[in-house]
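Colleague: Could you take one small part of this model and walk me through it slowly, from a single pair of residues outwards to the chain as a whole? I am new to this, so please explain each term when you first use it.

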Amino acid sequence: MSQEERWVDVGDAAELARTPVRQILVNGARIALSHANGVFGAVNGNCNHAGGPLGQGHLEGDYVVCPWHQWRFHRVEGHGERGFEEDVVPAYHVRVKDGRVQVDPKPHKKRARKPHSPHPLARSPERDPGPVRVVGISTTAMNLEYPRFSTSDALLETALAHAAAVGHPTRLIKLRELHFRTCEGYYSKAARACTWPCSITQMDATDQLDQVYEAFVHWGDVMLVATPIRWGGASALYYKMIERMNCIQNQVTIANRTLLRNKVVGAIITGGQDNVQGVAGQMLGFFAELGCHFAQFPYVAHTRGWSAEDMEKNVQMVQRSEELQLAATELCDRSVALADRLLQTEPNASPRAGRKGRHLLASGDGEAGDANG
Ligand code: FES
C-alpha cells in the first residue's frame with residue numbers, strides 16, 4: 001500500500017493543536033501525538049523502559065516525558081535524550097491536509113533499545129549452598145551521633161549473636177543508617193510502573209534500600225524484623241521500608257514471579273505501652289503477602305503496659321530479663337529450623353500467589369499494553 005493510501009485521519013488540526021501531547025489510537029496502535037511551534041509529531045505511545053503511556057506524559061522542549069519514570073523521547077524523531085539517542089521509539093510521519101491531521105501508521109523509525117546493563121538485583125534469585133543465613137533488620141530510629149539503648153535492637157542483637165554462635169552467617173541492617181527515599185507511589189500510577197528492582201533503586205544509585213532488597217531476595221533465609229511500638233503501630237522506618245517493598249509483591253501481579261520462596265520471617269516487638277497484637281498482625285499480614293513463611297509462634301514481644309510511664313525502668317527490665325533474651329534466641333531457632341526444612345523440601349509456590357480469587361495481570365493484559373508496539 002502506498003503512503004498516500006495509508007494516511008489515517010485523526011482529527012481537526014485546530015482542535016488537536018490545543019494540547020501539547022495527547023494519546024490517540026491509530027489502527028489500534030497507541031500513539032503520542034504532540035504539537036509545538038506549529039509542528040505536529042507522532043511517536044509510538046509505549047515507552048521503551050516499561051511500557052509507560054508516553055501520550056499521557058508532558059513536553060519538555062521537543063521531548064515527550066514519560067509519566068511513569070521520566071524517560072524522554074524526541075516527539076518527532078523518536079530518539080532518546082542526549083546520551084540515550086540509541087533508545088528509539090517508533091516515529092510516524094504526520095501531515096495537515098484540508099485542516100485535518102493525518103498520520104501514516106507505518107513508522108519511518110523503528111524501535112531500538114540502547115543496551116542497559118541490568119541492575120545487580122535483577123538477577124535470578126538462586127541460593128548459594130551453605131547453612132541457613134539470618135538477617136536482622138532494626139527499624140528503630142535514633143540519633144546516630146548520640147545513640148540510646150533500644151529494647152528491640154537489644155533483643156535482635158541477642159538473637160543474631162546466638163545464630164552466629166551456632167554457625168549461621170548473619171547480617172544486621174539498621175534502617176536508621178541507610179539513606180533511602182520514601183516510596184513515590186509508582187504503583188498508584190499503574191501496576192506496571194512499579195518495577196523490580198524498585199524504580200527508585202534503578203534511577204538513584206545513592207539510594208541504599210538495595211541492601212534490604214539484597215538481603216530479602218538473594219542472601220537471607222531468615223529475616224528477623226525488630227520494631228518498637230509507636231502510637232500503637234510499628235516504627236515509621238518500618239513503614240518506610242515496607243512501602244518500598246511493594247515492588248517485591250507486585251512482581252506476582254505483573255510478571256507471575258514469586259521473588260521470595262522459602263523465606264522465614266520472625267518479628268521482635270517491644271514498647272512502653274501496648275498493642276503488640278495489632279503490630280504483630282500487621283507485620284505478619286504484610287510478609288505473608290510477600291510469600292514468606294512463619295515458624296510456630298512467629299514473634300516475641302514485650303511492653304511495659306498501658307499505665308506505666310516509667311520508661312527508664314522498661315529499659316532496665318529488658319536488659320535484665322533472661323526470659324526475653326531466651327525468647328529471642330528461641331524465635332531465631334524456630335525460624336532457622338523452619339527455613340532448614342523448607343530448603344530441604346523446596347515447596348512449590350502457588351503460580352499466582354494464591355491470595356486473590358481472580359487471575360492477575362501477569363500475561364500483559366494491563367493498561368500498559370504491548371511495550372513492543
Ligand atoms: S520511563 Fe517510561 S515506563 Fe519507565
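Modeller: Let us begin with one pair: Leu-33 stands opposite Ala-42 in strand E4. Please keep in mind that this is a predicted model, in which local features need pLDDT of at least 70 and side-chain atom pairs count only at pLDDT 80 or more, while totals for chains, interfaces and linings use all residues. Residues are numbered from 1 along each chain as its sequence is written.

Six bridges join strand E3, residues 29–36, to E4, and the two run antiparallel. Strands here are DSSP runs of E with at least two residues, helices are runs of H or I with at least four, and both are numbered from the N terminus; two strands are said to pair if DSSP finds at least two bridges between them. In the hairpin of E3 and E4 there are two residues between the strands, and Asn-37 takes a positive phi near 50°.

E4 also pairs with strand E8, residues 91–92, in the antiparallel sense and over two bridges. Here Ala-42 appears again, since this residue stands opposite Tyr-92 in E8, just as Leu-33 stands opposite Ala-42. In general, strands of a sheet pair through backbone hydrogen bonds, either parallel or antiparallel.

Is strand E4, residues 39–44, mostly covered or mostly open? E4 is mostly covered, with five of its six residues buried, where buried means that 20 or more other C-beta atoms, placed from the backbone, lie within 10 Å of the residue's own (12 or fewer would make it exposed, and anything in between partly exposed). For the protein chain of 373 residues, 44% count as buried.

Another set of strands is useful to set beside this one: three strands form an open sheet in the order E1-E10-E9, and the pairing is antiparallel. Strand E1 (8–12) and strand E9 (94–97) stand at the edges with a single partner strand each, so one side of each is left without a neighbour in the sheet. Four bridges join E1 to strand E10, residues 100–103, and in E10 the bridge partner of Val-8 is Val-103.

Stepping back to the protein chain, there are eleven helices and 15 strands. Two residues are in contact if their C-beta atoms, placed from the backbone, lie within 7 Å, and among the contacts with a separation of 6 or more, 69% join residues 24 or more positions apart.
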